[in-house]
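Please go through the model below with attention to how its strands and helices are arranged. The account starts with a strand and then turns to its surroundings.

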Amino acid sequence: MRMLYAAVLIAAFLSGCASTGDWSSDTPTKPNSKASKATRVNLKNQSVSKIYAPSDNLWLRIRDGYQMEPMNTPLEIEQVRWLAARPDYVHRSMTRSSRYLFYIVQEVNARNMPTEIALLPFVESAFVTNAKSSAKAVGLWQFMPATGKDFRLTQNVFRDERRDVVQSTDAALDYLQRLKNQFGSWELALAAYNWGAGNIAKAQKRNIAAGLPTDYESLTLPRETRNYVPKLMAYRQIVLDPQAYGIVLPELENHPYFVAVDVGSDIDVVLAIKLAEIPADEFHSLNPSFNKPVILSNANQQILLPFAHAEIFQSNLKQYDKPLSSWTAVQVSKTESVDQAAKTLGVDVDTLREVNGIPRGMRIRAGSTVLIPKTNRRPGDVSTAMAENASLSLEKPAPPAPKCPKPVKGAKPAKCAPVNATKTTEKSGAKGNSSQKNAASQHKSASTGLAKSAKNGSSAASSSNTSSKGASKSQ
């Protein structure tokens with residue numbers, strides 16, 4: 001049996017398909033996984049338990065890495081008061097961060113960036129990995145589809161790396177460093193991350209033309225962007241002196257929370273959870289990028305597991321002597337209904353519809369990749385080409401031709417109205433354009449918008465964060 005090999009990423013203690021219209025996903029993958037740069041540990045010969053970092057307080061490490069100056073403006077004070085008035089909300093988001101924050105701090109330190117940057121997901125998503133804004137930005141760092149593609153974050157049938165903890169963090173820090181080099185200050189870099197580099201450059205040009213300074217405080221900014229840096233500074237202040245605001249920070253130790261395990265052959269998500277002996281919600285909190293019930297070896301994917309469970313996973317895997325995956329993928333050769341495709345492929349229609357997330361009334365377009373159960377005819381793992389380039393495109397069938405009334409003897413034949421075949425396409429196109437316009441004009445507060453769901457302790461897949469950052473980044 002093929003094995004899975006484990007790798008420690010110096011990891012984290014504080015933790016669909018894009019479409020033609022809304023229904024296709026075809027963003028190509030990057031050729032090389034950034035995760036490949038991580039330190040590797042072969043669990044066949046080494047023990048994870050020997051790789052612990054010093055068990056110090058992670059909050060102290062974050063404070064020691066502060067490099068930005070407090071703003072001490074009315075806006076910052078207002079944001080601090082907002083957080084101080086919601087200690088339960090703050091504590092829940094801080095607790096959620098416990099899976100990811102060590103890894104993020106480690107990466108920020110490696111780049112010599114201010115550790116305030118590690119607190120940015122509090123503003124963006126409240127550390128809800130499946131947070132999704134109305135502008136279709138997703139993940140801890142709230143990447144829009146186009147921006148994710150720009151930073152080589154794969155978005156296809158099988159995975160969305162905008163939600164991947166490791167990949168999205170790497171991309172976000174790359175982007176922030178690019179913006180810092182462009183604008184010369186972290187305040188302007190953060191404003192550009194929120195509003196878009198092009199918009200900040202235009203605001204600076206307007207100030208230059210008016211003989212005004214071009215620093216962050218002097219620019220005319222939309223409300224969301226004007227509040228963005230003060231929000232981050234408010235979290236900075238809360239972490240610096242929580243007692244002053246009646247906040248109790250959860251204890252966070254300064255060592256990895258998760259281990260990254262390389263996938264040596266396709267494995268079902270359900271089986272991976274069983275072998276790791278962890279709750280399903282814990283697995284999905286660490287691995288929110290997987291779109292399907294199977295994890296693919298040919299997609300250079302990794303599984304993140306709680307630090308103490310990597311060896312449990314390996315031990316159970318060695319003793320497991322049954323097939324690791326029960327799914328494979330095929331490409332549909334012609335456009336047809338789900339019922340027709342199921343008959344052609346020899347699979348249950350309900351299974352085909354459910355596992356591929358196909359709404360009723362939609363047809364599968366030719367060239368689409370669909371996931372189906374493995375059979376004796378199709379026993380192998382999903383190929384590299386499909387794992388990297390799979391897309392699913394759906395369409396509504398053309399409306400049926402109108403029934404013409406039977407001609408009355410001796411009467412003039414009635415004319416039948418022609419079918420408007422373009423109606424559905426036009427609707428789909430208008431929807432896509434509208435989404436782009438909305439994405440570029442959203443300026444609603446991310447952290448305030450998430451307050452309702454966080455108030456109920458929710459880590460739902462959808463948040464009310466409508467930050468314009470992701471949309472404008474793609475400009």
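Which residues on the two faces of strand 2 are buried? In this predicted model, F258, A260 and D262 are buried on one side of the strand, and V259 and V261 are buried on the other. Both faces are therefore covered. Strand 2 spans residues 258–262, and because 5 of its 5 residues are buried, the strand is largely enclosed by the rest of the structure.

Part of its surroundings is strand 5, residues 302–306, which runs antiparallel to strand 2 and is joined to it by 5 bridges. Within this pair, L304 of strand 5 stands opposite A260. Strands of a sheet pair through backbone hydrogen bonds, in either a parallel or an antiparallel manner.

Helix 13, residues 310–319, also packs here. Its buried residues are A310, F313, Q314 and L317. Seen down the helix axis, these residues fall within an arc of 95°, so they line one face of helix 13. In an α-helix there are 3.6 residues a turn, so residues three or four places apart point the same way. The buried residues of helix 13 pack against strand 2 and strand 5, and also against strand 3 (267–268) and helix 11 (269–276).

Another sheet can be followed by its strand order. This open sheet has 3 strands in the order 7-8-10, with antiparallel pairing. Strand 7 (336–337) and strand 10 (394–395) are its edge strands, each pairing on one side only. Strand 7 is joined by 2 bridges to strand 8, residues 363–364, and the two run antiparallel. S337 has R363 in strand 8 as its bridge partner.

Notes. Residues numbered from 1 in each chain as written. Predicted model: local features only at pLDDT ≥ 70, side-chain atom pairs only at ≥ 80, totals over all residues. Heavy atoms only, no water. Buried < 20%, exposed > 50% of the residue type's maximum accessible area, 1.4 Å probe, protein only. Helix = DSSP H or I, 4+ residues; strand = E, 2+ residues; numbered from the N terminus. Pairing = 2+ DSSP bridges. Arc of directions from axis to C-beta. Contact = heavy atoms within 4.5 Å.
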